[in-house]
Every structure is written in structure tokens, then in C-alpha cells.
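The report below describes selected strands and one pocket of the structure shown here. It begins with a sheet, then turns to a second group of strands, and ends with the pocket.

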Amino acid sequence: MCASPYPSSRPPTTTPAANPSAQSTNQLPTFGSTQSFGSGSKVDEGYSGEETQTPATYDESPERSGSMRSGADRASDVKIPAWMTGLNDALREEYAYKLVRTLPTSHIASLVDRLVPILHLDFIQILPSELSLQILSYLPPKSLLDASLASRVWRRYALEPSLWKNLYKAQGWEADEGEVRNFENEMQSRAEEENRRRENQKRTEEGKQWPPNSSMASSSFSQTSNQAIYSQAMDSEEQLEFTGPSQTAANNLSEDDEMYPTRPSVTSQNFDPPPLTIAPTLTTPGYGVNPPRLNWAFLFKSRRRLDENWLHNRCTPFQIPHPSYPHEGHRECIYTIQYSSKYLCSGSRDKSIRVWNVKTRRLRGQPLIGHTGSVLCLQFDESPGEDVIISGSSDASVIVWRFSTGERLQTIPKAHEESVLNLRFSKKWLVTCSKDKLIKIWNRTPLETQDPDYPWHSKLVFGPGKAPLNHPHHPNYQPQWNIQEPSASSGLGLQNPFAQGPANFITRTTQRVVPKTLPVYTAVNALQGHAAAVNAIQLNGNEIVSASGDRVIKLWNLRSGMCEKTYLGHQKGIACIQFDGKTIVSGSSDQTIRVFDRETQAELATLRGHSALVRTVQATRNKIVSGSYDETVRVWRREEDTGEWIPGPVLRQAHMPQPVVNHPNNGPHTHAQLQMNALQQFQSNQMNNGGVVPDVQMHQVQQVGAGMAGAVAAAQLLPNQHHHAAHHNAMHLGQQMQQQLQQQQQQMQALHQQQQQQQQQQLLQQQQTQVPAPPPMAVHPLQAQAHQVTGLHRVFKLQFDARWIICCSQDSRIVGWDYADGEEGIIEASRFFVGGPTNQG
């Protein structure tokens, strides 16, 4: 029997006096029954060469003492005395330290290895998955990626789509939730189809070899069952590691392991998880197909790369139509465009509307022909619930088309007295504006008198007399009862005036209009208040924002038709506007872009950089893209910290390569040459008509030639009272500029011919003498100046989103810049990005 230095039932009775070195050596406080380590205990300061016995208490029963047992078995039976567990934490810590110091270094190292798992708890293995994800949600993206390198389990949690979705939205980015749902449903369908295919294939193979003999059949059945059980366990293991890897493991832990777990979960011991993909993909890695989900970490990375491309202006230019199919393009300049993820619609001076496939940059179907004037504005919605294109023209008409077939559904021949300059529509309303200074509201669904949107206060529907108040559906209706003579009827003679139907409403005055159901596309209201042409409008809910040549911006209530706010700041007429419900962004012929707060009417910012009329502008919370008659497209970026707008890259359509078009008569010509020929043809037609110049609208600047375009457009944006005088001055100035341009063109042609002759002579001399060719001749200053004032690329309309900027101009091509810049990951993920304005102007 091994004698223990400490009795198992009580502490030793050695007094402090019996061991005077206890306080001086160990510096431990004395207490009733305590024995200190005496001088006989040697502290190991490295490798001592001898082993020191560790005091231990063993079970003294005869059965235990008489058996032969290993050291590991004996160590497992060591019991801590009850008196020691009753000490406070500080004393127990000191006892443990002194006891550990008596061990050799190798044993100390082994003890440290056993303590490390206790000191470093893996909360992923302990906590429920919801709490683990909540903890990881506080990490920034970089730390979350670092955490994904810890282990397979940590990687699955760190790449959890919900974490990265929240990080994605925290950056202010938006995603197409409908496209996300469609993608995940498609992946789910593919997974289910693949599972069915494998099951069918498996059953077919089993049927071919069933059964060779009874023993083989039994073996085959057992093997198949085992494979099915293993496969099911693998699937459940994957799902377990996603939903909460510690929940099953916690059920199998011992009493000590529940408090201090030192081993991985049971699932990771039994099965090897599927390998994780190295290359990022659209589906979440490590989950297999149960269930497939969108990899938001991949979207986050791709969107950040895309923003870096915008910041450093890394983009790839492109054009519509595709350079291989120039014959599909418009014949004249393009005034308006709008695009979605799949299609682009364009309206041109050639009186046609074309629908393009954005991916192939090819024309879809035939051009839509119906307007008798230039197509100045349009909007489309290809969704199955809408399937519509609505266009406005200089012929003052509005046409409704079916998007899918190009069928003309309805025509409003005289929507305004003059050209329809802009239009916007929602599910209920169509809003148009015109050069006649009016804004009109049209219903897109039939309106019944009991409909809350019925225009009871509209003078356009009921005239100056307004709607009768005695109609039961009128919001101000108060019932009136007529009391007749007692001889006329029995009783009190009370009679309901509506008992005979609504025809009795207007017996007193027959001039009032009877309220009735309004068919679709009925003009329900006309907003008056601008003193010049209304050039642009925006529709946001029940609010309309309009911009006019009278230099003011107005905010209207769609239901009441009242002007609620007026915004001042521009020094000249306003050509374009953007409104998102909180902020108004406008561009003007004063060459500035101004940002207004919708609520306070304060001017938040003024952006200067263009050198001519700012014709089109699109804006989001932190980005503005503008196009001007100075032939440039500018990008403005908002600093998140300071809120200031910083000018960004400047894009020019003139820098795009000019495709060569085969002319049937004169051979190949570039687009610039064709437009110059068209300009000369137009000038000759004017001379044949007696030099009479037709009335020119702001959108149709090309009708009067490149030299007169800017002057006429500026004149159209001036206040109404100075319009005619300014128009006359603009025409005179334009004629002078046009003459100068013709002289410059003649000089340019002469210089070009002279240069060609000199180059031919030099080439002939080189062939004869075999001498090196001289450097190319420098461009003449007059030729460079003529290139700057050609006016063939004035930007009329643009639109942008997270990936593209697309614009149209006096050129017959549509030009764009792709900021994916050929990166496959960005191109693949861009289908889910939403980065453009909510309302396209």
C-alpha cells in the first residue's frame, strides 16, 4: 500500500511551528491544516536528470492495491482532496503553480498541451449557429476572410451568405432581389433534376444485374443500403455544419467536455466534409446542392472590383448597333434612349423607334413606325404585367405600343398643342410635358367614380363648374333631403333625391358634366404654372418635379394638381432633371449641375465643369453622370465622409472608332462623312425652299446645322418674354457660324488634298531611292480647331447603372462604356447589381 502524505479524509495536522520554513520559503498564508513544500522538494529549472514524485492519493482498497495496473490507469484515479477544493481561487492557483514547478520540463510541456484547448475555446463548436453568426456579423470583410482560413467549419460560417449580404447592403449597394430569387429557384430546380437523373440511372443499373443469385442479391442489397445510409449521413452532416455543428456533438460530450470541450465535433470525426472550391463561384461553396444559394461573398468582391474600375476609369467602349451590322442603325441622330438588363429602346429624328438586344447589340424585330415627327421621348417596361412602350413626338402625339410584338395599342393624336418633350409613367398614371408650357396627367387604368384616385377636382374633366357635390361618391358629399307639401305625399314626404338614379343630379343646372367612368389614357388634369416650355419631368409616387426654360423647378402634387414647392438657383433655362424622392439634380444652359434638397429647397451643391448646355443628367446617392453639348460625358463622385462632389473621368464619344459604311454610290464612308453630307444636303434643301428656316425645337438642333445648334438651343431655354428676340439673334449668329464652318471645311479639304499629294510624291521617291520614310506631317491648327467645333457629338440623353454608361447624341450610333472591363467575374455577377437611378429621366 502506498502511503499518502495527506490523509484522504482530512488535512495534515502539522502546525506552522513544526515547519518554520513554510512562511519564509513559500510565502503562503498559514491556516489550520496546511502542509507546505519543504526544502526537500526540488524545483526543476530545466532538465534536472531525475524525476520528482508527485504526491497523489490512491484508492487503498485491497482490490485496487493487489492488481497490476499501468501508470496511466493509476493517474486517472487521482482524486483531489476535499479540503483543497474548499480553498479560495488564489490559494488553489498558487498550490497548482508550486506543484507544476516540481515537474520536469517534458511533463510541463505535456500539461500545457492539455491546457491549451481549455484556454482557447472554439465558440463555433460550442454556441448555437445563430449566436455564432451574430458574433461574426460584427467583423469587417477583411477579418471575416481571415476567419475563413481557420478551419473548414469556420470557413462555412465565415462564408455564410446572410453575413455577406448584410455587408453588401451596408456599403450602400443594391441588388435585384427578383433576379436573386430566380437564380436560386433555377439552381434548386437543376439540383432536383440532377438528383432524379442519378436515382433513375442507379435504378436502371440495379435492374440490369438483379438478381444473379440469392447470396449476390443479399450482398448487393446490403451494399446498396449501406451506400444510401452513408449518402444520407453525408447530406445530414453538411446540413448540420451549416445549421449548427455543435448541437449533435454536444449530446455526446462527457461531463468535463461539456464545460471544457477539447476535441472537435462528432460530425467532423465520422465523415470528411466535401472539398471546398478554390475559385469563387456564384453558388455558396461547401454546401453541395442542399440547398444551393447565391454566394454573396462573390457578389461583394465583384461589386468592389467594379467600383474600383469606376474610380480609376477602367472601361471598355462599345457601340450599338454592332460594328458588323451598321445597316441596323438609325438613319439620323438619336434623341432619346432607355435600357434595361436585356433591352434598349431608342427614338430618333428619323421618326422611328428601335428595340435592341443589349447582349448582342443587334436590332430586335422591325423598327416601330407611327410618328410623323421626330421621336423626342420614350419609356418602356418589358415585364409581363406591363409589356408596353410609350413614346412622344414633335408631332404632338403620344403612341402606346406593345413591347413584345411592336403592335400599336393606342394613339393620342393631339396630346399637346406643341411638341411632347418628355414623358414618364407608372402603373396608374402617364405624365407628359410639352413646349406649350403644360404638364398633363393621363390615367392608365379605367377610373370609376368610387375609385379613390377619381379626379373630382379636375377642371380638365368637369370644366370650371367642377364636379357636383351631390354625387354620393364625391369626397365632400353631404346628402340633401327635399320636404314636399303634405298633400303631395303621405307622411312627412321625405324623398331620396338619388332614388331615380344619377340622371337626377343635374336637374337644377344642366351645364355640369355628369361623373362617369373614365377610359384609359384620358387627360385627367393639366398643371399650369411655368412661363416657358417644360423640358423635363420626373414622377415619384404622387409627386411630379418639372424643369422649364423659365429657370425654375416646381414640385407638384399629382392628385390635387397643386404646386407645392418652387426651387430657384439656375441662371438660365433648365434642360434636364432627376428626382429620387429626397434630392433633385438638374442641368441647365448656364453650364452647371445643381443639387437641391426636396424638403428644405436648399441648394446643396453646384457642379461646374461643362463648357456648354448640360442636356442630360442621371444621379444616385453617391454618383452623378452628366452629358453636355460640349460633347463630353462627365462622372461626379460624392465623398462619403465630407459629402462633397468630386469631378471624375471625362468621356468623349468623338474618341470612339468610326465604323466604315459602304455607300451605294460613292463607296465607303465613315459616319462623320455621312453626317456631313446630310448636313450639306439639308442646307441645299433650305436654299431651294427660299432660305426659310423652319421653327426649331430644343431637341432638334441638327435641323439648322452644326454651327447653329448651340445658339438655337440656348435661345429655346431662355424665358418666354425674350424668346422671339433671342431666337432671331441666335439665327443670325448661327448663320455667321455656319459660314465660318463652311470656309473652314473648304480650307480643310484643300489642306487634305495637298497633304495627300505630298505623301504620294514622298512614297514614290522612297520606292525609287529606297530611303527611310520621313515622320508624318503634323496636323494643321485649323484642322484641329475644325474638329473641335464640328458639333457632331452633342449628347442628348444618357443612362447609367452599376456597370454601364450608355448615351445618344447627334451621331446615329448609340455609344457606351462597360466598366466590367472584360473581367469574367464582374460580368457574371453584374446581373444581380442595381446601381442606376430608380427613376430614369
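Four strands make up an open sheet, in the order E8-E9-E10-E11, with antiparallel pairing. Strand E8 (375–381) and strand E11 (408–412) are the edge strands, each of which pairs on one side only, and the twist from one strand to the next averages 15°. The angle rests on axes that are lines fitted to C-alpha atoms (for helices over the stretch in contact), and angles run from 0 to 180 degrees between N-to-C directions. Helices (H or I, at least four residues) and strands (E, at least two) are DSSP runs numbered from the N terminus, and two strands count as paired if DSSP finds at least two bridges between them.

The model is predicted, so that local features need pLDDT of at least 70 and side-chain atom pairs count only at pLDDT 80 or more, while totals for chains, interfaces and linings use all residues. Residues are numbered from 1 along each chain as its sequence is written, and side-chain values use heavy atoms, with hydrogens and water left out.

**Strand pairs**

The antiparallel pairs around E10 and E33 are listed with one bridge partner pair for each.

| Strands | Bridges | Partner residues |
|---|---|---|
| E9 (residues 388–393) and E10 | five bridges | isoleucine 389 and tryptophan 401 |
| E10 (residues 398–402) and E11 | four bridges | isoleucine 399 and threonine 411 |
| E32 (residues 795–800) and E33 | five bridges | lysine 797 and cysteine 808 |
| E33 and E34 (residues 814–818) | five bridges | isoleucine 806 and glycine 816 |

Within the sheet, E9 and E10 form a hairpin with four residues between them, and alanine 396 in that turn has a positive phi of about 70°. The hairpin of E10 and E11 has five residues between the strands, and glycine 406 in the turn has a positive phi of about 80°. Four of the five residues of E10 are buried (under 20% relative accessible area, against over 50% for exposed and in between for partly exposed, with a 1.4 Å probe and protein chains only), so E10 is largely enclosed by the rest of the structure.

In the second group, a hairpin joins E32 to E33 through three residues, and E33 forms a further hairpin with E34, with four residues between them. Strand E33 (residues 804–809) is largely enclosed by the rest of the structure, because six of its six residues are buried. In a regular strand the side chains alternate between the two faces of the sheet. Both faces of E33 are covered, with Trp804, Ile806 and Cys808 buried on one side and Ile805, Cys807 and Ser809 buried on the other.

**The pocket**

The second largest pocket has a volume of about 1800 Å³. Of the 46 residues that line this pocket, Tyr339, Ser340, Ser341, Lys342 and Asp801 are the closest to its centre. Elements that give two or more residues to the lining include E8, E32 and strand E3 (334–339), while the largest share, four residues, comes from E2. A pocket is here an open set of points on a 1 Å grid over the protein atoms alone, where a 1.4 Å probe fits, with protein on both sides within 12 Å along at least five of seven lines, and lining residues have an atom within 4 Å of a point. Grid points are joined across faces, edges and corners, and the volume is the space filled by probe spheres set on the points.

Tyrosine 325 lies in the loop between E2 and E3 and is partly exposed, with a relative accessible area of 31%.
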